[in-house]
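This report is meant to be read beside the sequence and the 3D view. Keep both open while reading.

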Amino acid sequence: MIKVDSNIRPGRSKLVQYLRLYLSKIRTYLVFKLKMPYAQRVGFQRLNLDLKVWSPHKDIKMGHRVQIGTGGIILCDIEFGNHILVAKNVSFIGRNDHKSTIGQYFWDSPRDDDYKTYIEDDVWIGHGAIIIAGVRIGKGSIIAAGSVVTKDVSPYSIVGGNPAKFIKFRFDNDEINEHEKRIRNEVD
């Protein structure tokens, strides 16, 4: 029996939920098989066929329950944790992809793509955000729509803007403890 994922719009019939889940698994299988057969993955992912992928060192890892919306772009080495929602049109792009070398056109310059991006557990990245390679987005964080993330994001932070800046924490310390206690119990 296929388990229906809880991340589904309310009001959908069970039949539609099962059908969408089954088709999503096929679509995701094709993305991994055709676009990134080198990727390591654990558990369930929901990816779209229009996902654009280029990993300079063929280093992509995806944890359990990672969803990337339509129009997604991955142009760097990256590691996704678990329970991550990435909205539509989000780009994970390189940092210093082409070195600026005196006496050489950019066209002829060497590549400089030795940065890896880390997205920790329980992260939500809003529509149209751009994540520059080499950053770590901390556990429980929210990236506002349209943000350009150029620096590490602290756990449970909400950031936004261009460049993205700290707005506030998602929870206070007591709420973080309660949140982590409840999600830990859910796993047990």
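The text below covers strands and sheets, then salt bridges, then empty space.

## Two open sheets

The model is predicted. One open sheet has five strands with parallel pairing, in the order β1-β4-β7-β10-β13. Its edge strands are β1 (40–41) and β13, each of which pairs on one side only.

Inside this sheet, β4 and β7 run parallel and are joined by three bridges. One contact between them can be found at Ile60, whose bridge partner in β7 is Ile78. The pairing of β7 with β10 is also parallel and has four bridges. Here Ile78 turns up again, with Thr117 in β10 as its bridge partner. Phe80 has a partner in β10 as well, namely Ile119.

A second open sheet has seven strands. What is the order of its strands, and what kind of pairing does it have? The order is β2-β5-β8-β11-β14-β16-β17, and the pairing is mixed. At the edges of this sheet are β2 (45–46) and β17 (165–169), and each pairs on one side only. Strand β2 pairs with β5 in the parallel sense over two bridges. In that pairing, Gln45 has Val66 in β5 as its bridge partner.

## Salt bridges

Side chains of opposite charge can pair when their charged atoms come close. There are six salt bridges in the structure. The table gives some of them, with the distance between the closest N and O atoms.

| Salt bridge | N to O distance |
|---|---|
| Lys116 and Asp59 | 3.0 Å |
| Glu79 and Lys116 | 3.5 Å |
| Glu180 and Lys139 | 3.4 Å |

Start with the salt bridge between Lys116 and Asp59. Its two residues sit in distant parts of the chain, 57 residues apart: Lys116 belongs to strand β10 (residues 116–119), while Asp59 is in the loop between β3 (52–53) and β4 (60–62). Is Lys116 buried or exposed? Its relative accessible area is 17%, and the limit for a buried residue is under 20%, so Lys116 counts as buried. Asp59 has a relative accessibility of 22% and counts as partly exposed.

Glu79 also forms a salt bridge with Lys116. This pair, too, links distant parts of the chain, with Glu79 in strand β7 (residues 77–80) and Lys116 in strand β10, 37 residues apart. Glu79 is partly exposed, at a relative accessible area of 29%. Asp59, Glu79 and Lys116 are therefore linked in a network of salt bridges.

Which parts of the chain does the salt bridge between Glu180 and Lys139 tie together? Glu180 lies in helix α2 (residues 173–187) and Lys139 in the loop between β13 (136–137) and β14 (142–143), so the pair ties together parts that are 41 residues apart in sequence. Lys139 is partly exposed, with 29% relative accessibility.

## Pocket and cavity

Rolling a probe the size of a water molecule over the atoms shows where empty space is left. The largest pocket holds about 590 Å³ of space. It is lined by 23 residues, and those closest to its centre are Arg9, Arg20, Arg27, Arg46 and Gln67.

Which element supplies the largest share of the lining of this pocket? Helix α1 does, with six residues. The elements that each give at least two residues to the lining are α1 (14–35), β5 (66–68), β8 (84–86) and β11 (124–125). By class, the lining of the largest pocket has 11 nonpolar, six polar and six charged residues.

How many cavities of 30 Å³ or more does the structure hold? It holds one. The volume of the largest cavity is about 40 Å³. Its lining is made up of Pro56, Leu75, Cys76, Gly94, Arg95, Asp97, Asp113, Asp114, Tyr115 and Ala133. These divide into five nonpolar, one polar and four charged residues. The polar one is Gly94, because Gly is counted among the polar residues.

Methods: Residues numbered from 1 in each chain as written. Predicted model: local features only at pLDDT ≥ 70, side-chain atom pairs only at ≥ 80, totals over all residues. Heavy atoms only, no water. Salt bridge = Lys/Arg side-chain N within 4 Å of Asp/Glu carboxyl O. Buried < 20%, exposed > 50% of the residue type's maximum accessible area, 1.4 Å probe, protein only. Pairing = 2+ DSSP bridges. 1 Å grid on protein atoms, 1.4 Å probe; cavity = no way out; pocket = protein on both sides within 12 Å on 5 of 7 lines; lining within 4 Å. Points joined across faces, edges and corners; volume = space filled by probe spheres on them.
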